[in-house]
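Let's take a walk through this fold, starting from a single side chain and working outwards to the helix pairs. Keep the viewer open as you read.

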Amino acid sequence: CFFFFKQKTAYEMQRGLVGSEMCIRDRQLIEEKLEKTGKKKEYEEFLKKRLIECGWKDEMKKQCMEIIKTKGIEKIKLEDLTEEMMPKGKAMVPETVKNELLQKIQDFIEQDPDYKPQYLSLIHI
């Protein structure tokens, strides 16, 4: 159960790092290109690795265990735990990790032959 939660959280955070101001079409274009080139999987693995290295995973596990202990394992569902922890998890990602991932995405976009400078102004953390 916790493994599923970690996977979903890392993926959702990665998606959330590509700015909310970016129009849907441009975000979809970038996500499609990331998927086609295999960079999406590479960046997800990078993010998972960095979250483990910086202690984020251990802190999330600790907070999850505290919630489970407080509410009781019989009374909590995975969906409820995920909903409660998602905003905390996003907020706990160190700025350095966010910036490293953002730089990787920016570098990818700049290397794309269809690169348009406005993409970079639309990506933010």
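In which helix is Lys33 found? Look in helix 2, the stretch that covers residues 24-37. This is a predicted model, so keep that in mind throughout.

Is Lys33 buried or exposed? With a relative accessible area of 18%, Lys33 is buried, because anything under 20% counts that way. Who sits around it? Once you set aside the neighbours within four places in sequence, Lys33 is in contact with Phe108, Asp112 and Asp114. Take Phe108 as an example: 75 residues separate Lys33 and Phe108 along the chain, yet their C-alpha atoms are 9.4 Å apart in space.

Now zoom out for a moment. The protein has seven helices and zero strands, so reading from the N terminus the elements go α-α-α-α-α-α-α. Of its 125 residues, 37% count as buried. The exposed surface comes to about 7900 Å², with carbon and sulfur atoms supplying 54% of that. Sequence-distant contacts show up well here too: among contacts between residues at least 6 apart in sequence, 75% join residues at least 24 apart.

With that backdrop, on to how the helices pack. Two packed helices are described by the angle between their axes and the distance between the axes. Try helix 3 (residues 39-53) and helix 6 (residues 95-111) to begin with: their axes are 10 Å apart and the packing angle is about 165°. An angle over 145 degrees counts as roughly antiparallel, and helix 3 and helix 6 are therefore roughly antiparallel to each other. Their crossing is right-handed. On the helix 3 side, the contact is made by Lys39, Tyr43, Phe46, Leu47, Arg50 and Leu51. Helix 6 answers with Thr96, Val97, Glu100, Leu101, Lys104, Ile105 and Phe108. Sort the residues of this contact by class and you get eight nonpolar, one polar and four charged.

Phe46 makes a handy landmark in that contact, and it is found in helix 3. Like Lys33, which has a relative accessible area of 18%, Phe46 is buried, with a value of 18%. Not counting residues up to four places away in sequence, Phe46 touches Glu100, Leu101 and Lys104. Phe46 and Lys104 are 58 residues apart in sequence, while their C-alpha atoms lie 9.9 Å apart in space.

The other pair to visit is helix 4 (residues 56-71) with helix 5 (residues 78-92). Here the axes come within 11 Å and cross at roughly 150°. Helix 4 and helix 5 are therefore roughly antiparallel to each other, and helix 4 passes helix 5 in a right-handed crossing. From helix 4 come Trp56, Glu59, Met60, Gln63, Cys64, Ile67, Ile68 and Lys71, which meet Leu81, Glu84, Met85, Lys88, Gly89 and Met92 in helix 5. By class, this contact has eight nonpolar, two polar and four charged residues.

Finish at Trp56, which lies in helix 4. How accessible is Trp56? Its relative accessibility is 6%, so Trp56 counts as buried. Trp56 and Val93 are 37 residues apart in sequence, but the distance in space, C-alpha to C-alpha, is 6.8 Å.

Notes. Residues numbered from 1 in each chain as written. Predicted model: local features only at pLDDT ≥ 70, side-chain atom pairs only at ≥ 80, totals over all residues. Heavy atoms only, no water. Axes fitted to C-alpha atoms, helices over the stretch in contact; angles between N-to-C directions. Helix = DSSP H or I, 4+ residues; strand = E, 2+ residues; numbered from the N terminus. Parallel < 35°, antiparallel > 145°, perpendicular 65-115°, else oblique. Left-handed = near helix turned anticlockwise from the far one by under 90°. Contact = heavy atoms within 4.5 Å. Nonpolar A, V, L, I, M, F, W, Y, C, P; charged D, E, K, R; others polar. Buried < 20%, exposed > 50% of the residue type's maximum accessible area, 1.4 Å probe, protein only. Areas by Shrake-Rupley, 256 points an atom, 1.4 Å probe, with all protein chains shown as cover.
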